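Please look for the empty spaces inside this protein. Then look at how its aromatic rings sit together.

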Amino acid sequence: MDEVEWMPRQPKAKDLRVGLISWAGSYLTFETYKNAVTATAKGLGRRQTWEILVSSKHDTQAVVRLRSLQGFYLLCEADGSLCYGRPRTSHHGCFLIHFHRSGKWTLQCLISGRYLESDGEDVFCTSRTLSAYHMWTPRPALHVHVILYSPLNHCYARADPTMGRVWVDAPVPCLKECGFLLHFQDGYYHLETSAHTFLSHLDGLVSQPSTQTAFHMQVRPGGFVALSDGEGGMLYPQGTRLLLSLGSDPHGGEEWLILQHCPTWVSLRSTTQKFLTVVYDVDVCAASEQVTPMSLFQFECDNKSPTLQLRSANGCYLAQRRHRTVMADGHQLEAETFFRMYWHRGRIILQSPSGCFLGIAANGLLVASATIPGPNEEFGIQLANRPFLALRGRYGYVGTSSRHDLLQCNMDQPDCIYLLPCRQGIYHFQAQGGSFWSITPFGTFRPWGKFAFNFCIELQGSNLLTVLAPNGFYMRSDRSGTLLADSTDITKECVWEF
């Protein structure tokens with residue numbers, strides 16, 4: 001088989017969403033029941049999230065429309081008032097975004113030439129004279145667990161805890177070291193590694209966030225970001241080893257990185273306790289007792305469909321071939337690469353397009369031969385690049401609050417949940433201080449338990465999961481802000497982005 005180059009995924013629509021922060025620190029907000037747009041919210045939620053739809057783009061400006069998650073467009077009327085709805089003409093709802101060196105945006109109504117501004121509460125377009133009140137700070141609305149891709153170098157950023165550096169040298173983002181937590185605090189960004197160190201202005205990794213780990217961010221439609229220190233230094237790959245560090249002379253757009261949600265990589269283990277591994281370029285067999293790079297598969301699944309694609313580190317997908325064998329030589333759009341998935345007590349069952357279930361043959365090869373699934377067709381699945389979870393639900397992230405003793409699900413920033421595997425699909429949840437998650441008789445959670453409980457994780461999409469709590473109910477987000485486990489069925493509030 002010819003070698004296949006790893007092709008990075010194009011940014012998804014959810015990766016291109018932003019929140020817009022006014023000069024007063026409040027967010028541009030879609031008011032569902034008022035047919036109005038305000039700037040009163042202090043946090044980034046669903047009603048503060050906007051899709052940037054680009055009509056045309058240049059270096060310092062772009063013509064765009066802003067669409068809410070509810071599907072309505074931000075519209076500027078003739079009297080300067082703002083509302084939402086459907087555009088009535090080709091230019092209605094179009095804004096000219098100017099990208100400023102400070103990282104801020106101004107949005108100018110294409111029809112009237114007036115700028116979008118806020119008085120701290122209301123939003124309107126009345127002035128053609130630019131001022132500080134017209135400045136908006138874009139904040140990427142994607143999940144905080146991200147990867148950074150350099151389109152110029154065709155590689156991903158990778159933290160090196162041994163050297164205390166970040167290199168842009170990973171051709172495939174399958175390692176946990178390729179994942180970063182992007183924290184937003186007081187208008188600045190902090191980049192935290194999977195080992196919980198922070199990238200500093202001095203190129204090294206430090207243990208605590210500070211002014212030396214605070215970066216300005218420039219954001220462009222399309223998922224492009226550039227980080228700087230605010231004093232002329234830009235963060236970009238440098239030298240023969242592509243060290244990610246501050247410099248003053250990037251060439252050819254070296255400073256622009258594509259920000260994307262960290263993908264999900266898994267390992268699959270057969271009932272013989274051996275990992276599915278790609279050998280001899282394309283054969284797939286249960287051969288290895290240890291996880292190797294060729295035992296890792298990217299879990300690609302649309303949550304609207306129960307079908308799954310597994311992408312190997314060789315760039316190809318698992319696909320059913322002749323004689324019922326399954327090989328790692330498929331391409332993204334091939335029908336033979338789509339498998340229907342079922343869950344059984346934390347283990348996954350895969351059904352091929354032919355209707356047969358995947359299992360391990362006597363010679364160890366992966367085949368699709370069983371018409372009824374049994375123990376041989378069940379695979380243990382484990383998250384390979386996620387030593388911890390940062391869970392986001394319908395109302396925010398899961399975390400602790402100084403005002404509550406129970407775990408909350410409406411936080412602006414997440415607390416990391418460390419995963420301690422105990423059986424396939426079963427994990428203990430450990431809090432950041434080393435204590436365990438405990439559950440109360442009311443189905444609420446506290447993060448300082450002394451004993452570990454079993455939580456069952458089932459993947460529902462590429463970056464979506466459900467959690468079956470120790471009390472036998474699904475964990476869900478609640479509008480009150482309290483994290484609960486009281487659902488017998490999987491509802492929208494039970495699905496978590498991670």
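W343, I381, Q382, L383, G425, Y427, I457 and L459 line the second largest cavity of this predicted model. About 60 Å³ of space lies inside the second largest cavity. Strand 36 (378–383) and strand 45 (455–461) each give two or more residues to its lining. Strand 36 supplies the largest share, 3 residues. By class, the lining of this cavity has 6 nonpolar, 2 polar and no charged residues. Domain 3 (265–383) and domain 4 (388–497) each provide at least three of the lining residues.

How many cavities of 30 Å³ or more are there? The count is 2. The largest cavity holds about 100 Å³ of space. Its lining has 15 residues, and D15, L16, V219, R220 and G223 lie nearest its centre. Strand 1 (17–21), strand 20 and strand 21 each give two or more residues to this lining. Here domain 1 (17–140) and domain 2 (145–261) each contribute at least three residues.

Next comes an open space. The second largest pocket has a volume of about 600 Å³. It is lined by 23 residues; nearest its centre are Q218, R220, M234, E255 and W256. Strand 20 (216–220) and strand 21 (224–228) each supply at least two residues of the pocket lining. Strand 20 gives the most, with 4 residues. Where does the second largest pocket lie? Domain 1 and domain 2 both give residues to its lining, so the pocket lies between them.

The table sets out the linings by class.

| Space | Nonpolar | Polar | Charged |
|---|---|---|---|
| Second largest pocket | 6 residues | 11 residues | 6 residues |
| Largest cavity | 10 residues | 2 residues | 3 residues |
| Second largest cavity | 6 residues | 2 residues | no residues |

Now turn to the rings. The model has 14 aromatic pairs. In one of them, the rings of F429 and W437 have centres 5.3 Å apart and planes at 85 degrees, so the pair is edge-to-face. W437 also pairs with F445: the ring centres are 5.5 Å apart and the planes are at 50 degrees, so this pair is tilted. Ring pairs join F429, W437, F445 and F455 into a cluster.

Are the rings of this cluster buried or exposed? F429 is buried, at 1% relative accessibility. W437 is buried too, with a relative accessible area of 3%. F445 is buried as well, at 0%.

Another ring meets a charge. The charged end of R241 sits over the ring of W167, 3.9 Å from the ring centre.

Key
Residues numbered from 1 in each chain as written. Predicted model: local features only at pLDDT ≥ 70, side-chain atom pairs only at ≥ 80, totals over all residues. Heavy atoms only, no water. 1 Å grid on protein atoms, 1.4 Å probe; cavity = no way out; pocket = protein on both sides within 12 Å on 5 of 7 lines; lining within 4 Å. Points joined across faces, edges and corners; volume = space filled by probe spheres on them. Nonpolar A, V, L, I, M, F, W, Y, C, P; charged D, E, K, R; others polar. Domains from an automatic or database assignment. Phe/Tyr/Trp six-rings, centres within 6.5 Å; stacked < 30°, edge-to-face > 60°. Buried < 20%, exposed > 50% of the residue type's maximum accessible area, 1.4 Å probe, protein only. Lys NZ or Arg CZ within 6 Å of the ring centre and 35° of its normal.
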